[in-house]
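Visitor: I've got a protein model here and lots of labels I don't quite trust yet. Could you walk me through them?

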Amino acid sequence: MQFMSRQKKLLPNSHTELYGQCLQFYGQPPLENIALSEFETFAVERLKLLKTVENLGVSYVKLSEQYTKKLDQESKNLNFPYRSGPSEIEKRRKDHISHFILRLAYCQTEDLRRWFIQQEVDLFRYRFSYLSSKQKLEFLHKNNLQYDAISVEEKKALQDKLVNSSYAVSGITVEDQDFYKVPFQDALDLVRTRKVYLKAGYVYIPHQDIVTIILNDFRTRLSKALALTARSLPAVHSDERLQPLLNHLSHAYVGQDYSIQKNVGKISLEQIDSLSGKSFPLCMRQLHQALRENHHLRHGGRMQYGLFLKGIGLSLEQALQFWRSEFIRGKVDADKFDKAYAYSIRHMFGKEGKRTDYTPYSCMKVILSNPPSQGDHHGCPFRHSDPELLKQKLQFYKVSPSGISQILELVKGMHYQLACQKYFELTHNVSDITFSLNHPNQYFVESQKVLGGGKDIKREMDTPQRSQENSDNLTLDLIRGTGELELCEYKCIFPKAKGNIG
C-alpha cells in the first residue's frame with residue numbers, strides 16, 4: 001500500500017523526516033495515496049493491536065513485565081513499532097496511517113470515541129516507557145512541551161526538597177530517575193494535591209508524574225481531534241468506496257470464520273438444552289431460555305440465535321424442525337409457521353433471496369448494533385442489561401459472589417467482552433485462558449475443548465480468518481477493485497494540531 005502526494009511520491013528521505021521520531025502525537029495526517037486493500041489491512045491489524053491492549057490492561061498491571069512482554073510480542077507479530085532504530089521507519093509509517101484510518105471509523109459515536117481514546121492512550125504509555133531519557137526530551141521539545149530534565153548537580157542540590165515533596169520518591173530513587181522542570185500552570189493538578197516541589201514559578205516533576213501530564217495532553221488532543229473529525233464525516237460518507245468500510249470497521253470481527261460449517265450434523269436437537277447450560281455464552285443462554293419459556297422470539301432474537309445454532313452445527317433441516325417444534329407449542333400453528341417464519345430460516349442458510357450464506361454474529365456486532373427494546377431478548381447481557389438484573393441472572397446461574405463482583409466491575413468499565421471472558425473462566429473453573437474472546441461461537445468451541453479435553457466437536461484449525469461479516473451483506477471485495485485512495489483529499493477532516501507536532 002503506497003501513499004503519495006497529489007503532485008509526487010514521497011521519497012525515502014521524506015519518510016525518514018516524517019517518521020524519524022519513535023513516538024508521535026499524530027498531529028500531521030498522512031498525505032499519500034493508499035490502495036484500498038492495504039487501507040483495510042492496516043486498519044484491521046491496528047484494531048487487533050488495540051484489542052490486545054484492552055485485554056492486557058484488564059488482565060495484568062499496566063507496564064508490568066508480563067504486560068510489556070505480551071504487548072512486545074503482539075507488536076512484533078503485527079509489524080508495528082516497539083523499539084527505535086532505522087528498520088522501524090516502515091513500521092512507523094504503518095502506525096501513523098492506521099491510526100488515522102481508525103480515527104475515521106471510531107469518531108462516529110461517543111462510546112466508540114471513548115473506547116478508541118482509552119486504548120490509544122494505553123498504547124502511547126507503553127511506547128513512551130521504552131524511550132531513553134534523550135528520546136523523551138527530543139519528543140517533548142518536538143511537540144512544544146518545553147519540559148527539561150534537570151541536571152545531576154541541580155538534582156543533588158534539591159534532593160531533600162524533592163524527597164519531601166514528591167510522592168513515592170526517596171533519597172535512593174531520586175538518583176535513579178529524571179526530574180523535569182515545568183511551568184507550574186502546566187501541572188496545576190499536581191500543585192493542587194501538593195505532590196511536587198514548587199520554586200520560582202516552576203515545579204519539579206518526577207518521571208512517573210511527567211508521563212501523566214503527557215498522557216493527559218495526548219488524551220485532550222485526541223479527544224478534540226475526534227470530535228472535529230466527526231463533524232466532517234459527511235465528506236467521507238459521500239465516497240462510496242469508504243463508507244461501507246468505515247461503517248463496518250467499528251463493528252469489525254477479525255477472528256475465525258464461523259460461516260463455514262465443518263460440524264454439520266454433529267449436534268442433535270436433543271443436545272441443545274444440555275449444551276445451553278454448559279457451553280453457550282450468556283447471550284445465547286438467555287435467548288434459549290426465553291424461547292423455551294415463551295415459545296417465540298422476535299426477529300432480532302431469531303437472527304442472533306438462529307445464526308449461532310447454524311454455526312455450532314445445526315443443518316437447515318434441523319433448524320426448521322427446531323424452530324417449528326418450539327413455535328407451534330405457543331400461539332403459532334404449523335401452517336402459519338411455514339408461511340411466516342420458514343422463509344427467514346431458509347434465507348439465513350443462503351437458500352432464499354440473494355442466496356447469501358450468512359455468518360453468525362460476532363461480539364462486536366451483538367454489542368454495537370440493533371439494541372434490544374422491551375420484549376426483546378437479543379443483544380449482549382453485559383452491555384444491554386441493567387446491572388441489578390444482570391447480577392440476579394448471574395446468581396441464578398450459580399456464579400460466586402466474588403465472581404459476580406469481578407464481572408460487574410468489568411461491565412462498569414465498559415469491558416463487555418472481557419466480562420464475558422470472566423464469565424467463561426468462572427463457569428468452567430479455569431484461569432488465565434489463552435484466547436481473547438471475540439465471538440459467541442468461539443465461546444462454544446472453547447467450552448467444548450475444556451469440557452471434552454479437545455475431543456468433542458472440534459473445528460478445523462485451518463479455517464480462514466475474517467475481517468468482515470457477510471451478515472451485514474457487505475464484502476470488501478466490492479470496493480477493493482476501485483484503485484487507490486488519495487488521503488490528501490480528506491486532509492480537511494483531520495484537524496492539524498498547533499505547533500511543531502511530530
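Guide: Happy to. Leu 188 is a good place to start, and you'll find Leu 188 in helix H10, residues 188–192. Keep in mind that this is a predicted model.

Visitor: Why does Leu 188 count as partly exposed?

Guide: Leu 188 has 41% relative accessibility. Buried means under 20% and exposed means over 50%, so at 41% Leu 188 counts as partly exposed.

Visitor: What makes the nonpolar surface patch of about 260 Å²?

Guide: That patch is made by Phe 184, Leu 188 and Leu 198. Patch residues need over 30% relative accessible area, and Leu 188 has 41%.

Visitor: Let's try the strands. How do you know that E2 and E3 pair?

Guide: Pairing takes at least two bridges. Strand E2 (residues 148–149) and strand E3 (residues 179–183) have two bridges, so they pair, in the antiparallel sense. Asp 148 stands opposite Lys 181 in E3.

Visitor: And what makes E3 and E5 a pair?

Guide: The count here is five bridges, and the rule asks for at least two, so E3 and strand E5 (residues 202–206) pair too, again in the antiparallel sense. Across this pairing, Val 182 stands opposite Val 203 in E5.

Visitor: Now the rings. How many aromatic pairs are there?

Guide: The count comes to 29 aromatic pairs.

Visitor: Why is the pair of Phe 25 and Phe 139 called edge-to-face?

Guide: Their centres are 5.1 Å apart, and a pair needs centres within 6.5 Å. Their planes stand at 70°, and over 60 counts as edge-to-face, so that's the label. This pair links distant parts of the chain: Phe 25 is in the loop between helix H1 (12–18) and strand E1 (33–35), while Phe 139 is in helix H6 (residues 133–142), 114 residues apart. Both Phe 25 and Phe 139 are buried.

Visitor: Then why is the pair of Phe 124 and Phe 139 called tilted?

Guide: There the angle between the planes is 55°. Under 30 degrees would be stacked and over 60 edge-to-face, so 55° makes the pair tilted. The centre-to-centre distance is 5.7 Å. Phe 124 belongs to helix H5 (residues 110–129), 15 residues apart from Phe 139 in helix H6.

Visitor: One last label: how do you know that the charged end of Lys 365 sits over the ring of Tyr 361?

Guide: That charged end is 4.9 Å from the ring centre, and the distance cut-off is within 6 Å. The label also needs the charge to be within 35 degrees of the ring normal. Lys 310 likewise has its charged end over a ring, that of Phe 349, 5.4 Å from the centre.

Terms used:
Residues numbered from 1 in each chain as written. Predicted model: local features only at pLDDT ≥ 70, side-chain atom pairs only at ≥ 80, totals over all residues. Heavy atoms only, no water. Helix = DSSP H or I, 4+ residues; strand = E, 2+ residues; numbered from the N terminus. Patch = residues over 30% accessible without salt bridge, like charges linked within 9 Å, V, L, I, M, F, W, Y side chains within 5 Å. Areas by Shrake-Rupley, 256 points an atom, 1.4 Å probe, with all protein chains shown as cover. Salt bridge = Lys/Arg side-chain N within 4 Å of Asp/Glu carboxyl O. Buried < 20%, exposed > 50% of the residue type's maximum accessible area, 1.4 Å probe, protein only. Phe/Tyr/Trp six-rings, centres within 6.5 Å; stacked < 30°, edge-to-face > 60°.
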